[in-house]
Amino acid sequence: MAVMVGRGAMTNSIAELENAKLIFATGTNTTETHPVLALRVKRAVARGAKLIVADPRRIELTGLADRWLRLRIGTDIPLYNAMAHVIIKEGLYNKEYVERRTEGIEELADFVKGYTPQVAEKISGVPAEDIIATAREYATAGNAAIIYTLGITEHSCGVHNVQSLANLGLLCGYFGMESAGVNPLRGQNNVQGAGDAGCTPNYLPGYQRISNREAREAWEREWGVPIDPNPGKTKISILDEIMEDKVRCVYIMGENTAVSDANVLKTRAALDRVEFLVVQDMFLTDTAKMADIVLPAAAFAEVDGTFSNTERRVQLLNKAVEPPGEARADWEIFLDIINRMGYPLHYNHASEVWDEQARNSPILAGINYDRIRMQGIQWPCPTTDHPGTPYLHKEEFFSEKGYFQPVPHVDLAEPPDAEYPLILTTGRRRPTYHTGTQTGRVDGFELLVPREGLEVHPDDADALGIADGDLVEISSRRGSLQLNAIITDKSPEGVVFMTFHFPEGVLTNILTTDAHDPVTETAEFKACAVKVAKVTEPEEIPASG
Amino acid sequence: MSVTATIDGKSVDIREGESILEAARRCGAEVPTLCYDSRVDPSASCRLCVVKVDGRRLPVASCAHALTADMNVTTSDDELEENRKTILKLVLSENPTEECRSCIERGPCELHSLATDYGVESDYYDGAISGRIPEDSNPFIARDYSQCILCYRCTRVCNELEQAHAIIPEGRGFGTNIVAPFHESLLGSNCTFCGQCIQTCPTGALMDKKMLGKAVAEDVTKVRSICPFCGTGCGIELNVAKGEFIGVTPDWDAPASAGSLCVKGQFGIDFIRSPDRLTTPLVRRDGVLQPATWDEALTLLVDKFQTVRAESGPGAFALWSSARAPSEGNFLMQKLARAVLGTNNIDNCSRT
């Protein structure tokens, strides 16, 4: 989305969703992954908003929806291209807006000519009339909001998925409109904040490109050292560089990467090989167990600091309790290391760390701890008298214009075949979180989701001779594991579903593919080819006597 | 044309969709309520919020009437206050303070705080007792409907706001009970354990089981924070007693969540108290991770970093920050990478 409108962040605010006239939710199991945000969707529906859900799986949202587009996994692009086709062909797009604020409509129009609803039906399985109706309703809603999550981005064509979707928002003028927009919902509490802070190889804090000389010079003045003008390497590339012994030291903060990565055995091989591994965490995670040095970190409740939520709102954490033992706040650990490395540095308080980040980041410059004591502020917030920005792109984009991106459909990186005839798609369940480092240690949660299970469609189960609760073995080209089957029609025939919340018994990401998007390098967690077979248990030997 | 009304002699502007209660509270009048929760439709069942409106023969429930132009409203006089006291006496007759689990184990509930304000005791009327205590072994929500006053805040929040449809009123009149359909336990129902019923309950009928008995209200400090799980960024209050975290209440003013939470934010924070927390640095010696002092660990770390940098340059380092950790730690990690080690090999876990 960044190449289209200059920023990839959620365009609008969570509360605005309530007043959308139409919500198009695609690739998002919002009620499970963002339960409180999903309340806004439910309230919008209660107020009469239309809800259209595109998802291969039967989820709570599909039950609330006016229309469910049950597309085949990995066929998002033809679906959205066909919607664009209808919107352009029927002249339903916002001509004044497109004329004034965008570039590339002719190329897009030309490109999507071939993506008729009938063509899209053939690829995606969504009936052409549903595609047409959705396109018409979306374009004429007045204000329609798109929300999406990892069902869009965790594909080897994740960027193109987003772009084909964002084309629709640009066509209809929904970028820069209240209760509309194109809204990625962030899965982790501070994904936005880690990006804001410059923890990416190609951006300095505040999303200033490392290649931007002016920005680099500002930070060089602040830090008194030169900054390498070349982007660094992403995590995925680093794994290869470790295997080539180019990277010798890896320092990981608060990430259980030895469990959460796709094709996780590859990650483990790299972490095994790397000469020196430092892990900073609250717990001795599987990743920490591989480290040479483990540093104990304080929890969010034990520090002052900030998180930026999915709607770009910088919110304040206040220290409530002391960290256990000698655990320390992350920033204090880094401060100590930086000083020991011979770079003298001092902050009295976390707020001074924030102030340094903000003063050289134009979008954050107006935010300080005093201003967010009662309520967080949404960036961009350039000055201390600026109220923050509930929705982006109102008068102008971050880029000069909004640029349409014609993008073609591509097949899954690893389509099912004769040997591996099923697709494994992975996701989340509400009471558990990621690798279970935290939710696995909450009293009572074991009653809500006791263990991992493999969701299998009844027709597939029949064909494989599997009954509910049977022990099954699931294998991909990368590995196999055993778990119990749950027979359910939530996923369509041919698709099985798992989460990765219970790595101790079931290390789901042994199976997943690390085929990834060429730009974001996000892996295709949402689809890999697998086979499933019932495990014939050894016959019980009758007790003698 | 007048677009104002009068409340207790004060001129008040009319706002579309605003009830008399909301307008009255906006201009500072103290109107008591028990069944009111601003997030759901009014049920007008407790009758405590009754006010007088000129031209109306009887007092009206202010929560369920819109303020309209030229209305003249009185929120308090002797007669209204006497009505309210009578209502409280009736309610208290089956929910005496001395039997309230909230008041005993947690601190005054809304009902008994109000009774104290009005100087109402529990022993005015004798009568039958309604409400039963269901079998429910779930570890999160304590249910004791002998304390229930049938305000329906829990069922409205569950059905209208959360749309979870886990609990409903069953039966009629005095015999009404709040149940999960088919008298299931909550674990066997649609309940998602978001805890919103607990947070809205004005009595000791529904309470946070994890927090019960941990501390009474006057010993609890509430520290505002943000839920550490998904990207919604719900506002929470960390309840702390004697330096210990004891549980979570919602931050009603948080812009993203407006007081709502899910099971993780409401009941999932106690991982911070886990005995598995790391309490000292660990250093691998003879192949085994062993406790070390900060000085030992960081000396080792820095020596290694200096050596590698001298031998192989900045490209030999990779740092991966956390989308779960506060921004300040993230910022300093990238500063360590860029300004100290000299590498842009800094990434975070949002790709994977």
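Chain B has 352 residues, and 59% of them count as buried. Keep in mind that this is a predicted model.

Staying with chain B, the secondary structure first. There are nine helices and 16 strands. Now the overall form. The radius of gyration of chain B is 27 Å, whereas a compact globule of 352 residues would sit near 20 Å. Along the principal axes, the C-alpha atoms fill a box of roughly 90 × 55 × 35 Å.

What about contacts in chain B? Take those with a separation of 6 or more. Residues 24 or more positions apart make up 58% of them.

On to the surface. Chain B has an accessible surface of about 14,200 Å². Carbon and sulfur atoms account for 50% of that area. As for charge, chain B carries 36 positive and 47 negative side chains. The centres of those two sets lie 6 Å apart.

Let's zoom in on one helix of chain B. This is α4, residues 110-117. Which of its residues are buried? They are B:Leu111, B:His112, B:Leu114 and B:Ala115. These residues cover an arc of only 155° around the axis, so they sit on the same side of α4(B). What do they pack against? Two helices of chain B: α2, at 78-94, and α3, at 101-105. Now turn to the face pointing away from the buried side. There you find B:Thr116 and B:Asp117, both exposed. One more stop here. Just after α4(B) comes B:Gly119, with a positive phi of about 65°.

Next, chain A. It has 20 helices and 21 strands. Its radius of gyration is 24 Å, close to the 24 Å from the globule rule for 545 residues, so chain A is as compact as a globular protein of that length. The C-alpha trace spans about 80 × 65 × 45 Å along its principal axes.

How much of chain A is buried? Of its 545 residues, 63% count as buried. Contacts again, with a separation of 6 or more: in chain A, 70% of them join residues 24 or more positions apart. The exposed area of chain A is about 19,900 Å², and 49% of it comes from carbon and sulfur atoms. Chain A holds 53 positive and 77 negative charges, and their mean positions are 4 Å apart.

Now a helix in chain A: α17, residues 330-340. How many of its eleven residues are buried? Eight, so the helix is mostly covered. The buried set starts with A:Asp330, A:Trp331, A:Ile333 and A:Phe334. It also includes A:Leu335, A:Asp336, A:Ile337 and A:Ile338.

Where does the cover come from? Both chains contribute. From chain A, the cover includes strands β9 (249-253), β10 (276-281) and β11 (293-296), plus helix α18 (350-359). From chain B, it includes α8 (294-312) and α9 (327-341). Just after α17(A), A:Gly342 takes a positive phi of about 90°.

Last, a single residue, A:Leu471. You will find A:Leu471 in strand β18 of chain A, residues 471-475. Is A:Leu471 buried or exposed? Neither label fits. Its relative accessibility is 22%, so A:Leu471 counts as partly exposed; the buried class is under 20%. Compare its position with A:Pro56. The two are 415 residues apart in sequence. In space, they are 25 Å apart, C-alpha to C-alpha.

Terms used. Residues numbered from 1 in each chain as written. Chains lettered and ligands numbered in written order. Heavy atoms only, no water. Helix = DSSP H or I, 4+ residues; strand = E, 2+ residues; numbered from the N terminus. Rg over C-alpha atoms; globule rule 2.2 N^0.38 Å. Buried < 20%, exposed > 50% of the residue type's maximum accessible area, 1.4 Å probe, protein only. Contact = heavy atoms within 4.5 Å. Areas by Shrake-Rupley, 256 points an atom, 1.4 Å probe, with all protein chains shown as cover. Lys, Arg positive; Asp, Glu negative; His and termini not counted. Charge placed at Lys NZ, Arg CZ, Asp CG, Glu CD. Arc of directions from axis to C-beta.
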